[in-house]
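Here are my notes on the cavities and cores of this structure. Please keep the sequence and the 3D view open while reading.

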Amino acid sequence: MTATDLFSLQDRIVIITGGAGLLGGKHAEAVLSAGGIPVLLDISKEGLKAAKKRLLAAYPEGKVETFLADITDRAQLETIREALMGQYGRIDCLINNAANNPKMEGPAENMGAIRFENFPLNIWQQDIAVGLTGALLCAQVFGEAMAKAKQGVILNISSDLGIIAPDQRIYKKEGLTEEEQTVKPVTYSVIKHGLIGLTKYLATYYADKGIRANTLCPAGVENGQPEDFVEKLTNLVPMGRMAKPEEYMGTIVYLLSDASRYMTGSTVIVDGGRTCW
Ligand SMILES: NC(=O)c1ccc[n+]([C@@H]2O[C@H](COP(=O)([O-])OP(=O)(O)OC[C@H]3O[C@@H](n4cnc5c(N)ncnc54)[C@H](O)[C@@H]3O)[C@@H](O)[C@H]2O)c1
């Protein structure tokens with residue numbers, strides 16, 4: 001077998017939750033570039049439309065499926081599973097990538113309201129619903145089809161903040177009192193650590209069904225953040241810079257393909273070295 005065969009995703013059906021987002025689109029590009037068929041699930045209709053257009057412009061020979069879906073709703077996921085099974089007869093991979101991503105680095109619009117002491121329970125529940133319950137439901141619903149076929153790959157997208165605590169100093173803004181200072185919300189840490197636990201549970205639970213499960217921990221990705229924030233963040237990164245969105249594509253292909261076929265329950269950290277410091 002050649003390296004090209006090992007890294008091939010030819011005709012594989014790869015579900016990507018949050019597929020209309022920044023990294024979801026790049027995961028889809030990775031799948032397309034290796035010959036697979038990305039299936040984007042997202043709550044953003046416009047985002048899905050734009051992502052599909054962009055992906056097909058870059059890969060005119062490729063195929064892209066999109067479903068407007070809320071991953072916290074099991075019935076919607078079951079409908080998607082039946083549609084994919086009807087059309088393709090299989091589901092090969094699932095990337096649990098969707099999240100409520102609070103943008104901490106922009107203007108401080110009362111972000112102090114999400115400080116730990118008063119963290120609103122409704123935001124806790126909404127964040128957990130997408131980041132953890134959504135991942136659980138997708139693994140249950142799409143995992144069922146994989147288990148029947150005795151093959152499949154589940155990839156959970158955690159974060160460097162699934163390994164280390166956020167350094168709240170980098171979110172600090174001049175001229176605000178301590179109570180007004182913005183922080184990375186507690187849900188981010190809990191969800192990203194929780195996904196690593198979910199991965200290990202799935203890896204062992206499903207090992208005899210031919211389903212592998214691994215975690216990818218990306219770190220901060222360049223996306224037009226203010227210069228002062230970038231400077232504070234990159235001071236924490238041995239490589240001295242943030243990631244570019246396309247710098248996870250190789251790891252995505254590796255983790256989804258047969259190149260990683262003896263790997264399950266693992267946590268792959270791609271963070272410019274941040275978690276070593
Ligand atoms: N961007 C980064 O710097 C970074 C760093 C480390 C980890 N991550 C992780 O990578 C993943 C992708 O990040 P991103 O930057 O592309 O985020 P993003 O906000 O651009 O994309 C997330 C997508 O999830 C979708 N979504 C939200 N709730 C949903 C629901 N209920 N059902 C279906 N879709 C839903 C959103 O509409 C959005 O398109 C996240 O899990 C994030 O935590 C990102």
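1. The lining of the second largest cavity is made up of six nonpolar, four polar and one charged residue. This comes from a predicted model, and the same holds for each point below.

2. Which residues line the second largest cavity? They are Thr17, Ile71, Asn96, Asn97, Ala98, Val130, Gly131, Ala135, Ile157, Lys192 and Leu195. Two elements, α5 and α6, give two or more residues to this lining. The largest share is that of α5, with three residues. The space inside the second largest cavity is about 40 Å³.

3. How many cavities of 30 Å³ or more does a search of the whole structure find? The search finds two. The largest has a volume of about 70 Å³.

4. The largest cavity is lined by Ala99, Asn100, Pro102, Asp127, Gly131, Pro185, Thr187, Tyr188, Ile191 and Lys192. By type, the residues of this lining are five nonpolar, three polar and two charged. When you look for these residues in the 3D view, note that Gly131 and Lys192 are part of this lining and are also listed for the second largest cavity.

5. Which elements each supply at least two residues of the lining of the largest cavity? They are α5, which covers 121-149, and α6, which covers 186-205. Here α6 gives the most, with four residues, whereas in the second largest cavity the largest share comes from α5.

6. Turning to the cores, the largest nonpolar core holds 35 residues. Those that touch the most other members are Ile15, Leu41, Leu77, Leu84, Phe142 and Ile154. Two or more residues of this core come from each of β1 (13-17), β2 (37-42), α4 (74-88), α5, α6 and β6 (211-218). The element that gives the most is α5, with eleven residues. In soluble globular proteins, nonpolar side chains tend to be buried together.

7. Ile15 is a useful residue to select in the viewer. What is Ile15 in contact with, once its neighbours within four places in sequence are left aside? The contacts are Val39, Leu41, Leu84, Ile91, Cys93, Leu94, Ile95 and Phe142. Among them, Leu41, Leu84 and Phe142 are also named with Ile15 as residues that touch the most other members of the largest nonpolar core.

8. There is also a second core, separate from the one above, with 31 residues. Its members include Val31, Leu216, Met249 and Val268.

Definitions and conventions: Residues are numbered from 1 along each chain as its sequence is written. This is a predicted model: local features need pLDDT of at least 70, side-chain atom pairs count only at pLDDT 80 or more; totals for chains, interfaces and linings use all residues. Side-chain values use heavy atoms; hydrogens and water are left out. On a 1 Å grid over the protein atoms alone, a cavity is a set of points where a 1.4 Å probe fits but cannot get out, and a pocket is an open set with protein on both sides within 12 Å along at least five of seven lines; lining residues have an atom within 4 Å of a point. Grid points are joined across faces, edges and corners, and a volume is the space filled by probe spheres set on the points. Ala, Val, Leu, Ile, Met, Phe, Trp, Tyr, Cys and Pro count as nonpolar, Asp, Glu, Lys and Arg as charged, and the others, Gly among them, as polar. A nonpolar core is a set of buried Ala, Val, Leu, Ile, Met, Phe, Trp, Tyr and Cys residues joined through side-chain atoms within 4.5 Å. Buried means under 20% relative accessible area, exposed over 50%, partly exposed in between (1.4 Å probe, protein chains only). Contact means heavy atoms within 4.5 Å.
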